[in-house]
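Hi everyone, thanks for coming. Today I'd like to walk you through a binding site, so let's get the picture up on the screen.

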Amino acid sequence: MARRRSTIEWMDADGKPGRVLQASLTAATAAPSVHNTQPWLFDLRHDSIDVSLDPDRQLTVIDLSGREQMISIGAAMFNLRVSVLAHGWLPVQSLWPAFGQYGPLGRIAPSRPVAVPRTARTLAWAIPRRHSNRGAFKDIDLPDDVLTDLVQAARAEGAVLRFAEPEARNGLFSLIHAAEQRWNDDPAYREELSRWTQPVPGRRDGIPPEALGVRSAGDAVPLRDLGLATPNRPRRVARFEPSPAVAVLYTGDTPRDWLRAGQALQRVLLTATVRGVAATLMTQPLEIPRLRELISDPRTGRAAQAIIRFGYPRLPGAPSPRRPWQEVLRVSTEHGGVPPADPATGAPSPLAQSPPAPLTPTPGA
Ligand SMILES: Cc1cc2nc3c(=O)[nH]c(=O)nc-3n(C[C@H](O)[C@H](O)[C@H](O)COP(=O)(O)O)c2cc1C
C-alpha cells in the first residue's frame, strides 16, 4: 500500500514525475549555488532520484577543484531531502562522491511514510523565502539563541560553524580584502564573472542586476563586488553595519565532505531565514589555496568551506532566477519514465534523451 502510494506520488501512472517529486525538484533548484550557476542534473528513477553535477557549469577560474560546485550540489540535495520529508516520506540518502564528474554523486529515495517533523515543515517553508542578501544589515547584535540555532543547524549536518570574535573577524576581513583585490586584478576572473552577471532577457541563471547588492560606503564589509563586470550600471551606496556577525563553516576536505558542507550550509541558511536573519556568502579567499589554508583550522584539521555574514536586513534580498525542474531532469525510459515537456513550449526537454550514467556505489562509500 505504502509502496503504491510512494510510486504514484513519485511518478504517476503515465511515468511522469508525480506530485511529491515535482515539488521536491522545485525545492532542490531553489538552492544557492556559486554565481547562480545551478550546476545540478537529476536523473529520474522509478523510486528515487540521482543527483549529478553538470560539468559545463563549472567555474574554472575560481573553482578549478569543483569544491564550490559540490557545495552547491550538496545544498540542492538538502532541499530535496527536506521537501521529501515535508511531504511525509522518509528520505534515504546515499552518497557516491568518488564518481565526481563521471557519474551521480548521490541518490535520494522516499522510503516509507512518516509523520512530518516540525523542523522539516519549517525548513521547507523557508526554501522559497531564502535569498542571498547583499545589502546593509541593521546595527543589532544577533541574540544568543539565534547564534545557538545556527551553530546547531551546522552540527546536525556534521559540520562546525564558528562565529568570529572581533579580532579574528578583522583578520578574516583582511584576507577577504586581499582575495578580492587579487581576483579583481585577474582578467580571467573578470571574464568569468561577466559571463554570470551580464543581464540577458529571459535568462534563468546567473546573478541579475537587482541581486548584485549595494556598494559599501566604506571598506567595512568586504563583499564580493559582483558589479565589477557591469560598471556602467548605477548601484546604490549604503553604510554597512559597523560590527557584522561573521562565521566560518568547517568540515573535512574530501569531495564527500564538500557535499556535506553544502547540506550544512543550506541547513544554516534556512534556519537563519526561519529566524528572520539574512545572510551573505563571502567566499573569495577560500578560492585561493594559500589563503584558504590560513582560514582552515590546523588544530582540528578541519577545512574552511564557507564564510557567511549574518544580520537583520534593512531590505529583503532580491530573488535570483532559476531554471525550472523540467530543464534539469533527465528521464530514462529504462526506468519507466517519460521525458518531461518544456513548461513554456510543450516541447520535450533537451535532456530527456540522455540516459543516466551507470551507478555502482564505490566500495566503502
Ligand atoms: C559555494 C558558494 C559560494 C558563494 N560565494 C558567494 C560570494 O562570495 N559572494 C556572494 O555574494 N554570493 C556568494 N554565493 C551566493 C550565490 O551567488 C547565490 O546563492 C546565487 O547567486 C543564487 O542566489 P540566491 O542565494 O539568492 O538564491 C555563493 C554560493 C555558494 C553555494
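**Around the ligand**

Okay, so 20 residues surround the ligand here, and the closest are Arg 130, Ser 132, Arg 134, Thr 283 and Arg 322. Keep in mind that this is a predicted model.

What kinds of residues make up that shell around the ligand? It divides into seven nonpolar, eight polar and five charged residues. Helix H3, residues 67-86, gives the largest share of the shell, with three residues.

Now let's look at some contacts. In the side chain of Arg 130, an N or O atom is 2.8 Å from an oxygen atom of the ligand. Arg 134 also has a polar side-chain atom by a ligand oxygen, this time at 2.6 Å. Over at Thr 283, a polar side-chain atom lies 2.8 Å from a nitrogen atom of the ligand. As for cover, the ligand taken alone exposes 620 Å², and the protein buries 99% of that.

So where are we in the protein? The ligand takes up the space of the largest pocket. Domain 1 (2-129 + 321-335) and domain 2 (144-311) both give residues to the shell, so the ligand lies between them.

Definitions and conventions. Residues are numbered from 1 along each chain as its sequence is written. This is a predicted model: local features need pLDDT of at least 70, side-chain atom pairs count only at pLDDT 80 or more; totals for chains, interfaces and linings use all residues. Side-chain values use heavy atoms; hydrogens and water are left out. A residue is near a molecule or strand if one of its heavy atoms lies within 4 Å of it. A polar contact is a pair of N or O atoms within 3.5 Å; within protein, one must be able to donate a hydrogen and the other to accept it, and residues adjacent in sequence count only if both atoms are side-chain atoms. Accessible areas come from the Shrake-Rupley method with a 1.4 Å probe; for residues, only the protein chains shown count as cover. On a 1 Å grid over the protein atoms alone, a cavity is a set of points where a 1.4 Å probe fits but cannot get out, and a pocket is an open set with protein on both sides within 12 Å along at least five of seven lines; lining residues have an atom within 4 Å of a point. A molecule sits in a cavity or pocket if more than half of its atoms lie within 2 Å of its grid points. Helices (H or I, at least four residues) and strands (E, at least two) are DSSP runs, numbered from the N terminus. Ala, Val, Leu, Ile, Met, Phe, Trp, Tyr, Cys and Pro count as nonpolar, Asp, Glu, Lys and Arg as charged, and the others, Gly among them, as polar. Domain bounds come from an automatic or database domain assignment.
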